[in-house]
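Visitor: I have a new model open and would like to talk it through before I set anything up. Could you take me around it?
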Amino acid sequence: MDTLGKQVVVGVSIAGVLVALAGAVIAGAGSGPESAPGPAPLRWSPGACVTGDFALTPCNGGVSEVVAVAPDPPGPGDCPADTDDVLRVGPGRTACVRNFLDPHPGAPGGGGGLLRPGDCVAIDGREQPCARPGWYGRAVAITRDAAACPEGTLDTVPGGSRTVCLGRGGQVLDRGACVARPAGRVVDRSDVTRVPCGSARAWARVVSFETAAKQCPERSERYLRSDSAPRPVTCLDVLSQ
């Protein structure tokens, strides 16, 4: 009886151990690598990284970083001043991004990012790199309209919902600048070509800018009229007939 009882007790104990081990194995299988949660999905949010092809990527392989998410199009102040590019990332949303390394197209004159003082623009107000030829003028300010441009502004061009105020440089005319002879009646600023005054193409020198031809100085023999310019009449002293 005693021997048999001991055998029974031992058998029950062994069975209990086997059941416990089986439970441990099952629990371990449920927490194995097959059921581990995957990486968090990539989102267009500040701190996210972007490839050179403007796609989201883990931050061990990006070339730029999302510095802000803004409306589409971004309004004034929606993107940081050092933004290098603005990407449309969904209905009504854009991402403001900045490169980790040089070059930084968003720097003044770089040709990208946000339009700001120091940038160069085409005749239609689109930004262009100052290092490339063909830009029309250099911005001195970006304002709500031409009337708000600072003193010393020589010309203006539209820039979306804003006005780009231009200073010296490019094709923008100033007193003393020389121009080539236009092919015909001037109807747009792009018809007037600035040239070096020592050039064989120099036809006349700018004397002043007026709102009406009768306001031109006496020494002004000719004038150019451009209906799209804020200073419509350019008074000229002819250098060669």
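Guide: Let me begin with a term: a pocket here is an open set of grid points with protein on both sides within 12 Å along at least five of seven lines, and its volume is the space filled by probe spheres set on the points. Please keep in mind throughout that this is a predicted model.

Visitor: OK, so what is the volume of the largest pocket?

Guide: The largest pocket has a volume of about 680 Å³, and of the 26 residues that line it, those closest to its centre are Pro74, Gly113, Leu114, Leu115 and Arg162.

Visitor: And how do the residues of the lining divide into nonpolar, polar and charged?

Guide: The lining of the largest pocket consists of ten nonpolar, nine polar and seven charged residues.

Visitor: Which strands supply at least two residues of that lining?

Guide: Strand S4 (85-90), strand S9 (155-159) and strand S10 (162-166) each do so.

Visitor: Where does the pocket lie with respect to the domains?

Guide: The largest pocket lies between domain 1 (48-99) and domain 2 (119-167), because both of them give residues to its lining.

Visitor: Before I trust any of that, what does the pLDDT of the chain average?

Guide: The protein chain averages a pLDDT of 80, and 80% of the residues score at least 70. Confidence is lowest in helix H1 (residues 2-30), with a mean of 38, whereas strand S1 (residues 49-50) has the highest value, 95.

Visitor: Where does pLDDT stay under 50?

Guide: That happens over residues 1-32, and for this stretch the model has one contact beyond four places in sequence.

Visitor: How many helices and strands are there?

Guide: The protein chain has one helix and 15 strands. Of its 241 residues, 33% are buried, and among contacts with a separation of 6 or more, 38% are between residues 24 or more positions apart.

Visitor: Let's go to single residues. Leu166, in strand S10: buried or exposed?

Guide: Leu166 is buried, because its relative accessibility is 0% and the cut-off for buried is under 20%. Leaving aside neighbours within four places in sequence, Leu166 has contacts that include Val121, Tyr136, Ala139, Leu154, Val157 and Val172. Asp155 is also one of its contacts, and although Leu166 and Asp155 are eleven residues apart along the chain, their C-alpha atoms are separated by 5.1 Å.

Visitor: Tyr136 and Val157 ring a bell; what does Ile123 contact?

Guide: Beyond four places in sequence, Ile123 is in contact with Tyr136, Val157 and Arg189. Ile123 lies in the loop between S6 and strand S7 (127-128) and is partly exposed, with a relative accessible area of 32%. Its C-alpha atom is 9.9 Å from that of Gly159, which is 36 residues away in sequence.

Visitor: Switching to strand S3 (residues 64-71), what does Ala68 touch?

Guide: Not counting residues up to four places away in sequence, Ala68 touches Pro46, Asp78, Pro80, Thr94, Ala95 and Cys96. Ala68 counts as buried because its relative accessibility is 12%, and its C-alpha atom is 9.6 Å from that of Val86, 18 residues apart along the chain.

Visitor: What about Thr234, over in strand S15 (residues 233-238)?

Guide: Thr234 is buried as well, with a relative accessible area of 9%. Apart from its neighbours within four places in sequence, Thr234 has contacts with Leu173, Val206, Ser208, Phe209, Arg222, Tyr223 and Leu224.

Visitor: And Ala200, buried or exposed?

Guide: Ala200 is exposed, because its relative accessible area is 84% and the threshold for exposed is over 50%. Ala200 sits in the loop between strand S12 (194-195) and strand S13 (204-210), and its C-alpha atom is separated by 9.4 Å from that of Ser240, 40 residues apart along the chain.

Visitor: Last topic, backbone geometry: which peptide bond is cis?

Guide: The peptide bond from Asp102 to Pro103 is cis, with omega near 5°, and Pro103 is found in the loop between strand S5 (93-99) and strand S6 (120-121).

Visitor: And what is phi of Phe54?

Guide: Phi of Phe54 is near 65°, which is a positive value in a residue other than glycine. Phe54 lies in the loop between S1 and strand S2 (56-57), and is partly exposed, with a relative accessible area of 45%.

Definitions and conventions:
Residues numbered from 1 in each chain as written. Predicted model: local features only at pLDDT ≥ 70, side-chain atom pairs only at ≥ 80, totals over all residues. Heavy atoms only, no water. Buried < 20%, exposed > 50% of the residue type's maximum accessible area, 1.4 Å probe, protein only. Contact = heavy atoms within 4.5 Å. 1 Å grid on protein atoms, 1.4 Å probe; cavity = no way out; pocket = protein on both sides within 12 Å on 5 of 7 lines; lining within 4 Å. Helix = DSSP H or I, 4+ residues; strand = E, 2+ residues; numbered from the N terminus. Nonpolar A, V, L, I, M, F, W, Y, C, P; charged D, E, K, R; others polar. Domains from an automatic or database assignment. pLDDT = per-residue confidence, 0-100.
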